[in-house]
Each structure stands twice: as C-alpha cells, then as structure tokens.
Amino acid sequence: MSEFIPGQRWQSTTEPELGIGRVEAVEGRQVVIDFPARGVVRRYATADPPLSRVQLSVGQPVRDEEGLSFTIEAVEEVDGLLVY
C-alpha cells in the first residue's frame with residue numbers, strides 16, 4: 001500500500017486521459033484525487049488503487065499550470081512531497 005499525502009501528484013493507470021491528479025484528502029481507507037485538467041474528482045480505495053505516482057526526472061522539460069516552461073534541475077522528497 002502506498003502512503004498518500006495531500007499535494008502528491010498521481011496518474012490513473014486505467015484512465016490516463018484524466019491527466020495528472022493531485023491528492024486532495026485521505027479519508028480512512030480512501031484517497032480523494034482531483035484531476036483539474038478534466039474537472040474530475042475520483043475516490044479510490046488506498047489498498048490497491050489503479051494509480052502510479054508522478055515523479056519527474058532531472059533534465060526533464062516541463063510546463064507548469066500557468067504555461068511556463070522550465071527544466072527540472074533537482075528533485076528532493078520533503079515530508080512525502082517531491083520538490084523540484
């Protein structure tokens with residue numbers, strides 16, 4: 001079982017068209033994930049959800065939510081969240 005922490009980014013392995021989701025809440029044995037690109041919120045059992053954690057790599061080009069482009073220079077995990 002993965003540990004879910006609000007703010008983490010996850011992607012649905014069964015619905016990749018939803019894009020990248022953000023953990024909004026952990027409620028008992030369920031995790032609530034918001035997929036803002038599609039305006040969809042999903043609730044999954046934490047025991048075996050069809051999700052994979054989104055982890056960017058050093059050197060990877062990305063675009064943020066405001067459309068700004070940049071390249072990942074470093075990755076650090078702080079309190080369960082990846083900081084780039």
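**A core built around strands S3 and S4**

Ten residues form the largest nonpolar core of this structure: Phe4, Trp10, Leu18, Val23, Val31, Ile33, Phe35, Val40, Tyr44 and Leu51. Two elements, strand S3 (30-35) and strand S4 (40-45), each give two or more residues to this core. The largest contribution comes from S3, with 3 residues. The model is a predicted one, and what follows should be read as a description of that prediction.

One residue of the core, Ile33, is a useful place to start. Ile33 lies in strand S3. Its relative accessibility is 0%, and because buried means under 20%, Ile33 counts as buried. Which residues does Ile33 touch, once those up to four places away in sequence are set aside? The list consists of Trp10, Gly21, Arg22, Val23, Glu24, Val40, Val41, Arg42, Tyr44 and Leu51. Among these partners, Trp10, Val23, Val40, Tyr44 and Leu51 are also listed in the nonpolar core. Val54 gives a further point of reference: 21 residues separate Ile33 and Val54 in sequence, and their C-alpha atoms are 13 Å apart in space.

Leu51 offers a second view of the core. Without its neighbours within four places in sequence, Leu51 is in contact with Phe4, Trp10, Gln11, Ser12, Thr13, Val31, Ile33 and Tyr44. Of these, Phe4, Trp10, Val31, Ile33 and Tyr44 are core residues. The contact between Leu51 and Ile33 appears in the list of each residue. Trp10 and Tyr44 are partners of Leu51 and also partners of Ile33.

The chain that carries this core has 9 strands and 0 helices. In sequence order the pattern is β-β-β-β-β-β-β-β-β. The radius of gyration is 13 Å, close to the 12 Å that the globule rule gives for 84 residues, so the protein is as compact as a globular protein of that length. Measured out along the principal axes, the C-alpha atoms fill a box of roughly 35 × 25 × 20 Å.

How much of the protein is buried? Buried residues account for 27% of the 84 residues. The exposed area is about 5600 Å², of which carbon and sulfur atoms supply 48%. Counting contacts between residues at least 6 apart in sequence, 31% join residues at least 24 apart.

Charge is the last topic. The protein has 14 negative and 8 positive side chains. The centres of these two sets lie 6 Å apart.

Conventions: Residues numbered from 1 in each chain as written. Predicted model: local features only at pLDDT ≥ 70, side-chain atom pairs only at ≥ 80, totals over all residues. Heavy atoms only, no water. Helix = DSSP H or I, 4+ residues; strand = E, 2+ residues; numbered from the N terminus. Rg over C-alpha atoms; globule rule 2.2 N^0.38 Å. Buried < 20%, exposed > 50% of the residue type's maximum accessible area, 1.4 Å probe, protein only. Contact = heavy atoms within 4.5 Å. Areas by Shrake-Rupley, 256 points an atom, 1.4 Å probe, with all protein chains shown as cover. Lys, Arg positive; Asp, Glu negative; His and termini not counted. Charge placed at Lys NZ, Arg CZ, Asp CG, Glu CD. Core = buried A, V, L, I, M, F, W, Y, C linked by side-chain atoms within 4.5 Å.
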